[in-house]
Structures are given as structure tokens and as C-alpha cells.
Amino acid sequence: RDSACAATQKVAAVRALCGAGLVLTALQARRLLGYFGAPEERADAFVAMHACIADPHNAKLWRVRFEGEGEVHRLQDRLGFVTMFPYIQPENAKFSLDLAFHDQRLCLSMLRGLDLKEGVDRNMYEYTYIRSDGKQDAFPTGVPHAWEALANVPKSGVFSVTYRCAPEKRAFEARRALAQKYAGGAADLRAADVRWCTGLAEVPPDVCVLMEFLIGRYTDLDKAFRDIDGPRGNGVVSLRELEEGLGRMGCQGLGAAGTEEAKERIAGVFRYLDPGCEGTISLGEWQVLRKLWDEFDLSIREFVQFLLLHFQGSLEAAWAALDAGGAGDLAEGDFLESVGRLGYFGPARMVFRLLGRADDGRVAYAEFKALE
């Protein structure tokens, strides 16, 4: 972390350690990736360490460190699409598959098969198929079921899709079987062994805005659901109830209550939480936010750990370094620049927004001390 050597030398060190038999957990890999700021350096470091990760079923922990679709796609090109396939946690994974290549056709076949076991045409979203002649197939009746068989997948064109699945629909045994067949080592894997999570970049931005609001005011996500449902609630939340509930809570991050902006943005959040389009959100569907909540919590803990290690356990010294000009508070841009200068490349923007309880776009030392 504190080494003055170049990023290329750090990558070489990771490569040498992995070559010597280093074994990492997915969480350790995630934290190592946090010390590489540039996407190319981060990718080189991961390529060096990926074979050393002992719990590949927890791949989601390190995947969230690759923020852009382009970063993930370049890793898929380097390591292979089947190697990079998210067997155990495909939720929110985006794919752009060139069907001229066998391994990418296999990925589409696996996705089609999973969808048939986990919801039948309910988990493949935003899909497009551009044929080799440039024409788009709209699939008015859905993605062909026959594509579950690899032999039936077209051998040309580009298919793009996002995969989502509600927790209660998850077919864990089907996922485990795929991982065992194509990645190995998952014969005895149990759902309880998996650290289920959702990356900050995987969800619509307004879902993160809602989570920033909730995590700053609740310690129990279920309690937030019950408050929205109301004292005479029926256990599910409609779009109108979500609008009214967030209005009662004083949520302003999605727009002023009752405005067209708020209605439109809350509707987008509602669509995300109602993947089956039933018109209501159940407590089980609301629990999708639990994994995002856990990611927020883990990211904050990692940020605090970074500061404590960097400043010998003193958050006061950390603040002095962040607020080098002595202004007493920091705007978002200044905060991000300061933590980047220290060598932290995790989700600092989210940390800033959680700390800024006054909603004035700044963080003061009194708010920063809440990290204790």
C-alpha cells in the first residue's frame, strides 16, 4: 500500500507471489484490487491472482471492483468467457456475446438453461440479438427455449443480455451443477457457504440513492419495509405506497415528494424491485436490497480499515491529511481527490454521501468522526 514502486512493479510482485503458491480468499483478492487505481493495472493484477483464489463461488466480492462493463469484457477476452462466467451469483451480470465463438455460445446456453429453471422467461432482461447481417431480431415471443441446448445456439451474431433473479426463485443446485461441470470444485458447495452480495455499479443509480437514504436512518431493512407498508399494511407494497412511504420518511434524494421527477425516479426503483412485474413488492423482493446493504457496510468497513492502517489507528490524523487546507469541511470533489491521493481506489463517493448527513454537499469533521 505504502510502497513507492510503480504499479507495474506491484503487479509483478503479485504475479511472483501467486507463482510461489500464494492462496487468497475472494475477499482478500477484492482488497488487493483496491490498491490499483487504473483499470489496466487492476486487470493485470487480477489475471495474475485469479487462479489462486480458493473460493471462486464468492467471485462477486471481487467482481464489484471492476466498475465498467468494458473492464469485465476485457477480462473475459483474456481469461475466457467460461472461466469468467458467474456460475453461483449471475444476478445483475451483463453479457455481450459474440456467437461466432464456442465459449460465448456456451455462456448463452447456460443462461438460457438457468432462466428456464429459475423463472421461465423472467430473468433475461434488456436482451438484443444483432444478426451477422446487422439486422436485429426482436424476439416477440422471448428468447428461444431451444437455446438451452448448445447445438441450437446460432453460430453468428451478437447477443446481449442482463440476468436477474429474485432470491426466492434461485435454483442453487442448478447453479452448483454448472460450476462443477465447467469450473470444477463445487461438488460439496452449499448455499450457506456463499457470501451473496450486490455491487454498487450493478443496480440503477437511483436504487443506490434510496439505499444511501435508508442506511443512514435504519439499522433494520425490514423495519423500513414495514414503515412503507404502513400500520395497516398487507405485506406487499404498491408503487403508490412506495411513493407515499418515502414521502412520509422525508426522502428528498429522488426528488421533492409529489413532483413528476420523484414519481418517475421512484417508478424506476419500483421496477427494479418488482422483477416479475406483479405490480407489488413483497418482503422477499425487498430483501434484494439486503445484499446491497451488505455491500455498503463492507465498503465502509474497508475504507475505515484503510485509513486506520495508513494513519496508525488515528482517524483524526486521517482527517488532517484529507483536509490538508484546514477548511474544516470538504466538498465531494475535494474528498475524492484526497482519498485517491492516499491510494484508496474503492467506492469513496458512496462513503462521502453516507457521511454527509446534513445534505449540504459537504462533509465536516464531526460527520467524519461517525466512522469511529
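How much space lies in the largest cavity? The numbered points below take up that question and then turn to the aromatic rings.

1. The structure is a predicted model, and its largest cavity holds about 210 Å³ of space. The count of cavities of 30 Å³ or more comes to 1.

2. The largest cavity is lined by 18 residues, and those closest to its centre are Glu91, Asn92, Cys165, Tyr272 and Val288. Two elements, helix H11 (260-273) and H13, give two or more residues to this lining. By character, the lining of the largest cavity divides into 9 nonpolar, 3 polar and 6 charged residues.

3. Helix H13, which covers residues 288-310, has 23 residues and reaches 34 Å from its first C-alpha to its last, which is close to the 33 Å expected at 1.5 Å a residue. After H13 comes Gln312, a residue with a positive phi, near 50°.

4. A search of the whole structure finds 20 aromatic pairs. In the pair formed by Tyr35 and Phe306, the ring centres are 6.5 Å apart and the planes stand at 40°, so the pair is tilted; the reason is that an angle under 30 degrees would count as stacked and one over 60 as edge-to-face, with the rest counted as tilted. This pair links distant parts of the chain, since Tyr35 is in the loop between helix H2 (26-33) and helix H3 (39-49), whereas Phe306 is in helix H13, 271 residues apart.

5. Are the two partners of that pair buried or exposed? Tyr35 has a relative accessible area of 27% and is therefore partly exposed, because the buried class ends at 20% and the exposed class begins over 50%. Phe306, at 4% relative accessibility, counts as buried.

6. Phe225 and Trp286 form another aromatic pair that is tilted, with 5.7 Å from centre to centre and 55° between the planes. Here too distant parts of the chain are linked, with Phe225 in helix H9 (residues 221-229) and Trp286 in helix H12 (residues 283-286), 61 residues apart. Phe225 counts as buried because its relative accessibility is 4%, and Trp286 is also buried, with a relative accessible area of 1%.

7. Ring pairs also build a cluster, in which Tyr35, Phe303, Phe306, Phe335, Tyr344 and Phe352 are linked. Tyr35 and Phe306, described above as a tilted pair, are thus among the members of this cluster.

8. Two arginines lie over the faces of aromatic rings: Arg164 over that of Tyr125, at 4.8 Å from the ring centre, and Arg170 over that of Trp196, at 3.8 Å from the ring centre.

How values were computed. Residues numbered from 1 in each chain as written. Predicted model: local features only at pLDDT ≥ 70, side-chain atom pairs only at ≥ 80, totals over all residues. Heavy atoms only, no water. Phe/Tyr/Trp six-rings, centres within 6.5 Å; stacked < 30°, edge-to-face > 60°. Helix = DSSP H or I, 4+ residues; strand = E, 2+ residues; numbered from the N terminus. Buried < 20%, exposed > 50% of the residue type's maximum accessible area, 1.4 Å probe, protein only. Lys NZ or Arg CZ within 6 Å of the ring centre and 35° of its normal. Expected span 1.5 Å × (residues − 1). 1 Å grid on protein atoms, 1.4 Å probe; cavity = no way out; pocket = protein on both sides within 12 Å on 5 of 7 lines; lining within 4 Å. Points joined across faces, edges and corners; volume = space filled by probe spheres on them. Nonpolar A, V, L, I, M, F, W, Y, C, P; charged D, E, K, R; others polar.
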